[in-house]
Amino acid sequence: MNSRIFGSSSMRPLFIDFDAYTDGDDDFKKELIVLIIDNLRELQQVLSPKSHDIQAFHKICHKIKPTLVMLDDSEMLEIIEQLKIITNHTQLDLLDKICKGIIESLSKA
């Protein structure tokens with residue numbers, strides 16, 4: 001699986017259509033970005049290989065499902081589905097990098 005993280009930056013392309021969710025309202029877009037970043041950071045908290053708890057992972061994925069759907073990042077969604085079945089430390093690391101890249105990109109959106 002090729003990661004779509006590009007260049008020396010960890011920024012990641014965003015697939016979210018903000019206008020579909022914010023109707024062009026910049027203030028609401030900023031609020032939405034903050035909420036998405038908070039959800040991704042919450043996901044990252046359960047990704048630690050030492051503390052990876054499959055039940056906690058399932059719970060957070062369910063909780064932030066609307067965020068995951070909005071982001072529409074197929075690679076991220078595929079990794080999450082794989083991790084729901086079996087813990088794979090390489091996949092945990094990749095998902096963490098994807099989250100970091102999305103957070104960096106959202107911070108500059």
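**Exercise 1. Count the helices and strands in the chain, and give the order of the elements.**

Solution. Start with the secondary structure of this predicted model. The chain holds six helices and zero strands. Reading from the N terminus, the order is therefore simply α-α-α-α-α-α. To round off the overview, look at burial: 38% of the chain's 109 residues count as buried.

**Exercise 2. Find the salt bridges of Arg-12 and decide whether Arg-12 is buried or exposed.**

Solution. Begin with the whole structure, where a search gives six salt bridges. Now pick out those of Arg-12.

- Step one: the side chain of Arg-12 meets that of Asp-73 at 2.8 Å, N to O. This pair joins distant parts of the chain, since Arg-12 sits in the segment before helix 1 and Asp-73 in the loop between helix 4 (65–71) and helix 5 (74–85), 61 residues apart.
- Step two: Arg-12 also forms a salt bridge with Glu-75, with 2.7 Å between the closest N and O atoms. Here, too, distant parts are linked: Glu-75 belongs to helix 5, Arg-12 to the segment before helix 1, and 63 residues separate them.
- Step three: put the pairs together, and Arg-12, Asp-73 and Glu-75 form a network of salt bridges.
- Step four: check the accessibilities against the cut-off for buried, which is under 20% relative accessible area. Arg-12 has 2%, so Arg-12 is buried. Asp-73, at 2%, counts as buried, and Glu-75 is buried with 5%.

**Exercise 3. Which elements does the salt bridge between Glu-42 and Lys-63 tie together?**

Solution. First take the distance: the closest N and O atoms of Glu-42 and Lys-63 are 2.8 Å apart. Next, place the two residues. Glu-42 lies in helix 2 and Lys-63 in helix 3 (residues 54–63), so the bridge ties together parts 21 residues apart in sequence. Finally, classify Glu-42: its relative accessibility is 25%, so it counts as partly exposed.

**Exercise 4. Sort residues of helix 3 into buried and exposed, and explain why the buried ones share a side.**

Solution. The buried residues of helix 3 are Phe-57, Ile-60 and Cys-61. Because they cover an arc of only 100 degrees around the axis, they lie on the same side of helix 3. A general rule helps here: an α-helix has 3.6 residues a turn, so residues three or four places apart point the same way. Now turn to the other side of helix 3, where Gln-55, Lys-59, His-62 and Lys-63 are exposed.

**Exercise 5. List the members of the negative surface patch and name the helix that gives the most to it.**

Solution. Collect the members first: Asp-17, Asp-19, Asp-23, Asp-25, Asp-26, Asp-27 and Glu-31 form the patch. Then look for the main contributor, which is helix 2 (residues 26–45) with three residues. As a worked example, take Asp-23, found in the loop between helix 1 (18–22) and helix 2. Its relative accessible area is 76%, so Asp-23 is exposed.

**Exercise 6. How far apart are Leu-92 and Val-46 in sequence and in space?**

Solution. Locate Leu-92 first, in helix 6 (residues 89–107). With 1% relative accessibility, Leu-92 counts as buried. Then compare the separations: Leu-92 and Val-46 are 46 residues apart in sequence, while their C-alpha atoms are 9.5 Å apart in space.

Terms used
Residues numbered from 1 in each chain as written. Predicted model: local features only at pLDDT ≥ 70, side-chain atom pairs only at ≥ 80, totals over all residues. Heavy atoms only, no water. Patch = residues over 30% accessible without salt bridge, like charges linked within 9 Å, V, L, I, M, F, W, Y side chains within 5 Å. Areas by Shrake-Rupley, 256 points an atom, 1.4 Å probe, with all protein chains shown as cover. Salt bridge = Lys/Arg side-chain N within 4 Å of Asp/Glu carboxyl O. Lys, Arg positive; Asp, Glu negative; His and termini not counted. Charge placed at Lys NZ, Arg CZ, Asp CG, Glu CD. Helix = DSSP H or I, 4+ residues; strand = E, 2+ residues; numbered from the N terminus. Buried < 20%, exposed > 50% of the residue type's maximum accessible area, 1.4 Å probe, protein only. Arc of directions from axis to C-beta.
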